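Colleague: Please examine a single part of the structure shown here in detail, and explain how that part is held within the whole. I should be grateful if each technical term were explained when it is used.

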Amino acid sequence: IGNSHGGGALKLGFMTYTASCANVFGNLAHSFRHSRGVKTALEVGIGRALHSLEEFKRELEILNEFEMNDSEVLYALEAIQDEFFDNYATKSNSPEEHLFNTRTKNNVSDLSTRISQEMSNKGRTGWGLLSGVTNFTTHAGNSSNKAYTKLDGSRGKRDQFAKKVILDLAI
């Protein structure tokens, strides 16, 4: 909670912008007294959020329990590299390998290193592999908008893609 427009505002710890200012909360509270529709919509929204949290918890349990063998790790790593780096894994052992610049090759190496480190620390599980990917998407590069792109942009989409690849293998 912080100041915005002379009052409190809701901010999440990693956000660099105000999610909703106090005026919005004041209007919403006023609407509760005068509109059943707003209250119903809020109840539905809270219900959806709770359902999403339960689904997220279930996915984390699956990832944590999924012991990955070498072929599963390799398959996931190649799928992630192809998605993140313009089909790198597919092209890396072909005549097209020379098309990748040094920066791309360094990023691929950095991703692989982070995955290896996290899998060493957390085990050869889906969670270990995903943790390596999220470590890369959170810390690699020098974007000034890391928090935004992690929440609602390319970095977040990369995390979601990696999670889907690993969960598809686990299920």
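Modeller: Among contacts between residues at least 6 apart in sequence, 49% join residues at least 24 apart; a contact here means heavy atoms within 4.5 Å. This is a predicted model, in which local features need pLDDT of at least 70 and side-chain atom pairs count only at pLDDT 80 or more, whereas totals for chains, interfaces and linings use all residues. Residues are numbered from 1 along each chain as its sequence is written, and side-chain values use heavy atoms, with hydrogens and water left out.

The protein has 8 helices and 3 strands. Along the sequence, these elements follow the pattern β-β-β-α-α-α-α-α-α-α-α. Helices (H or I, at least four residues) and strands (E, at least two) are DSSP runs, numbered from the N terminus. Of the 171 residues in the protein, 31% are buried. Buried means under 20% relative accessible area, exposed means over 50%, and partly exposed lies in between, with a 1.4 Å probe and protein chains only.

The part chosen for a close look is helix α6, which covers residues 126-139. Two packed helices are described by the angle between their axes and the distance between the axes. Axes are lines fitted to C-alpha atoms, for helices over the stretch in contact, and angles run from 0 to 180 degrees between N-to-C directions.

Consider α6 with helix α3 (residues 70-84): their axes come within 11 Å and cross at roughly 25°. That angle makes α3 roughly parallel to α6. Angles under 35 degrees count as roughly parallel, over 145 as roughly antiparallel, 65 to 115 as roughly perpendicular and the rest as oblique. The crossing of α3 past α6 is right-handed. A crossing is right-handed if the near helix is turned clockwise from the far one by less than a right angle, and left-handed if anticlockwise. On the α3 side, Val73, Ala76, Ile80 and Phe84 make the contact, and on the α6 side Leu129, Val133, Phe136 and Thr137 do so. Sorted by class, this contact of α3 with α6 has 7 nonpolar residues, 1 polar residue and no charged residues. In this sorting, Ala, Val, Leu, Ile, Met, Phe, Trp, Tyr, Cys and Pro count as nonpolar, Asp, Glu, Lys and Arg as charged, and the others, Gly among them, as polar.

Helix α6 also packs against α8, with axes that come within 10 Å and cross at roughly 165°. The two helices are therefore roughly antiparallel. The crossing of α6 and α8 is right-handed. From α6, the contact includes Gly126, Leu130, Thr134 and Thr138, together with Leu129, Val133, Phe136 and Thr137. From α8, Arg155, Arg158, Asp159, Ala162, Lys163 and Ile166 take part. The residues of this contact divide into 6 nonpolar, 4 polar and 4 charged.

Lys163, one of the α8 residues in that contact, forms a salt bridge with Glu59, the closest N and O atoms being 2.8 Å apart. A salt bridge is a side-chain nitrogen of Lys or Arg within 4 Å of a carboxyl oxygen of Asp or Glu. Glu59 lies in helix α2 (residues 36-65) and Lys163 in helix α8, so the pair ties together parts that are 104 residues apart in sequence. Both Glu59 and Lys163 are buried.

Leu167 belongs to helix α8 as well, which covers residues 154-170. Leu167 counts as buried because its relative accessibility is 9%. Not counting residues up to four places away in sequence, Leu167 touches Glu59, Ile62 and Leu63. A separation of 9.8 Å lies between the C-alpha atoms of Leu167 and Trp127, which are 40 residues apart along the chain.

Another salt bridge joins the side chains of Asp70 and Arg124 (2.7 Å, N to O). Asp70 lies in helix α3 and Arg124 in the loop between α5 and α6, so this pair connects parts that are 54 residues apart in sequence. Asp70 counts as exposed, at 58% relative accessibility, while Arg124 counts as partly exposed at 36%. The structure holds 5 salt bridges, including the two described here.
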